[in-house]
Amino acid sequence: MKHAELLSIYTGRVANPWPGKEASAIDKTLVTGAQSLMSEGLVGDQQADRSVHGGPDKAVHVYCAAHYPVWRDELGRDDMVPGRFGENFAVSDWTEHAVCIGDVFTIGTATVQISQGRQPCWKLAMHTGNDRMAYLFQTTGRTGWYFRVLETGEVTAGDQFSLIDRPCPDWSVADVTRARLTRKISTVDAETLSNLPELADDWRRAFARFAGGDVVEDTSKRLGG
């Protein structure tokens, strides 16, 4: 697996961009120079609803910059550029198919681990002005993923990611995220994922439900606000 580069870093503050709707920190701003990466994310980055965003298992959202030219072509929009989807890290080369749940990387002086994919919500649609954006994220699989921080440190755009451990080579981010979002997974695989220690706790609990046959899930609040 070739190395990837941290192309750019983004942080955001909680704001109220949509009258009558919940607050959000999805509007991220490019930051330059060395950035401190702590156990719950980048210093200076905020999350409006900590019940569904942020925390140790979702400290940093990562997105493959190579997806943006595809979005520009598909949507006919020039503003589909890195940082547009509220990510913290824009990275080169790696897509959801290239990385796995549990992958451990060094980046700058920090060490991070992939914990889960992204579950897109209505805020993505509001932020991009496309009411189908969360749906498109899900159907294309171009969701990005989250890091937990194993060792705090400093990161800077231009740093290289180096893979130092791959404990779950059979579970790509693409496959696990697809299973989580579509709820189409065998009971055997769901049981396996429910016991995967590298996977975020919320997703392990979801797969435990799926393994028990409970695949009904009300996504109206997440997708509709």
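Me: Buried means under 20% relative accessible area, exposed over 50%, partly exposed in between (1.4 Å probe, protein chains only). Is tryptophan 71 buried or exposed?

Reply: This is a predicted model: local features need pLDDT of at least 70, side-chain atom pairs count only at pLDDT 80 or more, and totals for chains, interfaces and linings use all residues. Residues are numbered from 1 along each chain as its sequence is written, and side-chain values use heavy atoms, with hydrogens and water left out. Tryptophan 71 has a relative accessibility of 0%, so it counts as buried.

Me: How many aromatic pairs does the structure hold?

Reply: Rings of Phe, Tyr and Trp (its six-membered ring) pair if their centres lie within 6.5 Å. Planes under 30 degrees apart count as stacked, over 60 as edge-to-face and the rest as tilted. On that basis, the aromatic pairs in the structure number 16.

Me: Are the rings of tryptophan 71 and phenylalanine 137 stacked or edge-to-face?

Reply: The centres of these two rings, tryptophan 71 and phenylalanine 137, are 5.8 Å apart. Their planes meet at 20°, so the pair is stacked.

Me: Which parts does the pair of tryptophan 71 and phenylalanine 137 tie together?

Reply: Helices (H or I, at least four residues) and strands (E, at least two) are DSSP runs, numbered from the N terminus. The parts tied together are 66 residues apart in sequence. Tryptophan 71 lies in residues 67-75 and phenylalanine 137 in residues 133-140, so the pair ties together helices H1 and H3.

Me: Are the rings of phenylalanine 207 and phenylalanine 210 stacked or edge-to-face?

Reply: Both residues lie in helix H6 (residues 201-211), three residues apart, or about one helical turn. Phenylalanine 207 is buried at 0% relative accessibility, and phenylalanine 210 is buried at 3%. Their ring centres are 5.6 Å apart and their planes stand at 85°, so the pair is edge-to-face.

Me: What is the distance from the charged end of arginine 142 to the ring centre of tryptophan 71?

Reply: A charge sits over a ring if NZ of Lys or CZ of Arg is within 6 Å of the ring centre and within 35 degrees of the ring normal. Lysine 21 sits this way over tryptophan 122, at 4.9 Å. Tryptophan 71 also belongs to a cluster of ring pairs with Tyr63, Tyr68, Phe85 and Phe137. The charged end of arginine 142 sits over the ring of tryptophan 71, and its distance from the centre is 4.0 Å.

Me: Which residues cover the two faces of S5?

Reply: Strand S5 spans residues 60-64, and five of its five residues are buried. One side carries Val60, Val62 and Cys64. The other side carries His61 and Tyr63.

Me: Which residue in S6 stands opposite valine 62?

Reply: Two strands pair if DSSP finds at least two bridges between them. S5 and strand S6 (residues 89-91) run parallel, joined by three bridges. S5, H1 and S6 also form a right-handed β-α-β unit; right-handed means that, with the strands pointing away from the viewer, the path from the first strand over the helix to the second runs clockwise. Opposite valine 62 in S6 stands phenylalanine 89.

Me: Why is strand S9 largely enclosed by the rest of the structure, and how many of its residues are buried?

Reply: Strand S9 spans residues 145-151. It pairs antiparallel with S5 over three bridges and with strand S8 (residues 110-117) over six. S9 is largely enclosed because the number of its seven residues that are buried is five.

Me: Which strands are the edge strands of the open sheet?

Reply: Three strands form this sheet in the order S4-S3-S10, with antiparallel pairing. Each edge strand pairs on one side only; they are S4 (41-42) and S10 (153-155).

Me: With which residues is cysteine 168 in contact, leaving aside its neighbours within four places in sequence?

Reply: Cysteine 168 sits in the loop between strand S11 (160-165) and helix H4 (173-182). It is buried, at 5% relative accessible area. Contact means heavy atoms within 4.5 Å. With those neighbours left aside, the contacts of cysteine 168 are Cys100, Ile101, Leu196 and Glu198.

Me: How many disulfides does a search of the whole structure find?

Reply: A disulfide is a pair of cysteine sulfur atoms within 2.5 Å. Cysteine 121 is buried at 13% relative accessibility. Cysteine 168 is in no disulfide, and the nearest cysteine sulfur, from cysteine 100, is 7.8 Å away. The number of disulfides found in the whole structure is zero.
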